[in-house]
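Below are some comments for a colleague who is about to work with this model. They are set out as numbered points, to be read with the structure open.

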Amino acid sequence: METFGVHNQAIELATIGFSDVRSVRYNLSAALLYEESIRRGEAELTAQGALRATTGQHTGRSPRDKFVVRDENTDGQIWWDNNKPMSPEHFALLHKDMLAHAAGKDLFVQDLVGGADAGHALPTRVVTEFAWHSLFIRNLLIRPKAETLASFAPKLTIIDLPSFKADPERYGCRTETVIACDLTNGIVLIAGTSYAGEMKKSVFTVLNYLLPAKGVMPMHCSANVGPAGDAAVFFGLSGTGKTTLSADPARTLIGDDEHGWGENGIFNFEGGCYAKTIRLSAEAEPEIYATTQRFGTVLENVVLNENREPDFDDASLTENTRCAYPMDFIPNASETGLAPHPKTIIMLTADAFGVMPPIAKLTPDQAMYHFLSGYTAKVAGTEKGVTEPEATFSTCFGAPFMPRHPAEYGNLLKELIGRHGVECWLVNTGWTGGAYGIGKRMPIKATRALLTAALSGELAKVELRADPNFGFAVPVAVEGVDTGILDPRSTWADKQAYDAQAEKLISMFIANFAKFENHVDGGVRDAAPGIKVAAE
Ligand SMILES: Nc1ncnc2c1ncn2[C@@H]1O[C@H](COP(=O)(O)OP(=O)(O)O)[C@@H](O)[C@H]1O
Ligand SMILES: C=C(OP(=O)(O)O)C(=O)O
Ligand SMILES: [Mn+2]
């Protein structure tokens, strides 16, 4: 077996079961990974110097193909209603067959870290079949200092072999795609998908399992910090604006997707960002746009024209086009990934029903209600004639990544919000002036202006009114923002249609929350929508 690159000789791949691999390239830099990716025909250079790859059939995550090994350690810890169990025997067989599948192949290894707080860091080794996956994960996670690589000791190993097709009969999985997590031994196996996001969200899943046991709250959120040390976190499901809104020239970016909240404040799990690029505009998102026009960034499923220039309006491969870049490609990004205890929590939702106001102040009970609900709405987007949005309730704003019961995360968050006196806001980045199909998406400019006012403390001083459906407090007027958009009902031409839509959304919230009723106290139950109206 030929090996290249600096690494810990004591834990070469040969020592962890890869006996017949042809070559292993450890910790290659971006330039070398570009050369390897292009030479192998995995990816192409863009006109501006980014590296572009496509992923074939899978252009997003495969949550239904994700499994957690059920053993005596995990059995009592995992929320099995939300996680699919895999037997240790099935996992061992899958592991063995994947090791055998690697025979004769050239593999790539990156030794990286998940978790910027040294006290909670998870050294992670990522073994990939594709050179471009090696660059992706090198961009996304924290790169340890070069001089530490020779003694690197991973606590998590990810084996990512997209060309391995899993046999459901043999491994107890669902399709030929599988993401199998052995939380006890720190091994994640990824097969049958080339979507690079699976790797980063696997690290997140493992940290979401490990950290609550240490009293640290893991969060599916972006984070930034103002000049006065006023940190903010932005919870939200995919597409709600975590990445877009955390890139703010007036604030230092901490991270765009995954953070922990521990005794010293908040810390990024990652060392890079993974932004959506569909219809990306230089005007609305200048910092993110700039990352796509340079060496080092990975473009995933972005269509290139004949001059190899990206066409961000082309959704022919997927709506979920992406770019992946290290943190320092964003000007004003933190070098440490650390920030003080947050002053503000923003819960983002993209309400395609157009019912929710663009911003609302939440009491701690309302914050807990909305955290456990995890509401957003999906739009069909590409399907013609589909005007009806689909509600999604994903608890903790990230159910696919949460191995433990939501009450564990909820209780941790509640305690931290109380202890640090955190202000909470709900922000709707979705539709205004009608539901999807009739109204339009909230202008990014308006959302940014409202966030700036909330984060500066200015919004806490303005007059607030209670939303008749949800009970939370909505600003009546905000300087620099069109007053009309603050009251969603007033933006609808047809008020009866608004009321009917609101009623529908409320009943979905109530039906969804039934499973949490016995896990929360009366205050949180009373934060449900509709209740206030009925009582008055
Ligand atoms: N008002 C808005 N706020 C935030 N994003 C918006 C808004 N309007 C449109 N968008 C678009 O929605 C998408 C939000 O995606 P992103 O920030 O990547 O979400 P997340 O990181 O939460 O998955 C981006 O493509 C952005 O351009
Ligand atoms: C990487 C992802 O996260 P997000 O969409 O929240 O940015 C994903 O869902 O694949
Ligand atoms: Mn994101």
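How many salt bridges does the count come to? The model is a predicted one, and the points below begin with that count.

1. By the rule applied here, the count comes to 23 salt bridges. Side chains of opposite charge can pair when their charged atoms come close. One of these pairs is aspartate 106 with arginine 22, whose closest N and O atoms are 2.8 Å apart. Since aspartate 106 belongs to strand 7 and arginine 22 to the loop between strand 1 (2-4) and strand 2, the pair ties together parts that are 84 residues apart in sequence. The two partners are placed in opposite ways, for aspartate 106 is buried at a relative accessible area of 15%, whereas arginine 22 is exposed at 53%.

2. Aspartate 65 forms a salt bridge with arginine 174, and here the closest N and O atoms are 3.0 Å apart. This pair also links distant parts of the chain, with aspartate 65 in the loop between strand 4 and strand 5 (66-69) and arginine 174 in the loop between helix 4 (168-171) and strand 10 (178-182), 109 residues apart. Aspartate 65 counts as buried at 3% relative accessibility, while arginine 174 is partly exposed, with a relative accessible area of 36%.

3. A further salt bridge joins arginine 404 to glutamate 408, with 3.5 Å between the closest N and O atoms. In this pair it is the arginine, residue 404, that counts as buried, at 4% relative accessibility, and glutamate 408 counts as partly exposed at 33%. Elsewhere, salt bridges that share partners join Arg22, Arg25, Glu36, Arg39, Arg40 and Asp106 into one network.

4. Helix 1 (residues 30-39) deserves a look alongside that network, as Glu36 is among its buried residues, together with Ala30, Leu33, Tyr34 and Ser37. The cover over the buried residues of helix 1 includes strand 2 (23-26), strand 3 (43-45), strand 4 (51-53), strand 7 (106-114) and helix 3 (131-140). Just after helix 1, glycine 41 adopts a positive phi of about 75°.

5. Which helix packs with helix 3 at an angle of about 40°? The partner is helix 5 (residues 197-210), and the two axes are 9 Å apart. Because oblique is the term for an angle that is neither under 35 degrees, nor over 145, nor from 65 to 115, helix 3 is oblique to helix 5. Their crossing is right-handed. On the side of helix 3 the contact is made by His133, Phe136, Ile137 and Leu140, and on the side of helix 5 by Gly197, Met199 and Lys200. Sorted by class, this contact has 4 nonpolar, 2 polar and 1 charged residues.

6. Two backbone values invite a check by eye. Asparagine 301 has a phi near 60°, which is positive in a residue other than glycine, and its place is in the loop between strand 18 (298-300) and strand 19 (303-304). Asparagine 301 is buried, with a relative accessible area of 1%. Phenylalanine 397, likewise not a glycine, has a positive phi of about 55°, and lies in the loop between strand 26 (390-393) and helix 9 (406-420). Phenylalanine 397 is buried too, at a relative accessible area of 2%.

Note on methods: Residues numbered from 1 in each chain as written. Chains lettered and ligands numbered in written order. Predicted model: local features only at pLDDT ≥ 70, side-chain atom pairs only at ≥ 80, totals over all residues. Heavy atoms only, no water. Buried < 20%, exposed > 50% of the residue type's maximum accessible area, 1.4 Å probe, protein only. Helix = DSSP H or I, 4+ residues; strand = E, 2+ residues; numbered from the N terminus. Contact = heavy atoms within 4.5 Å. Axes fitted to C-alpha atoms, helices over the stretch in contact; angles between N-to-C directions. Left-handed = near helix turned anticlockwise from the far one by under 90°. Nonpolar A, V, L, I, M, F, W, Y, C, P; charged D, E, K, R; others polar. Salt bridge = Lys/Arg side-chain N within 4 Å of Asp/Glu carboxyl O.
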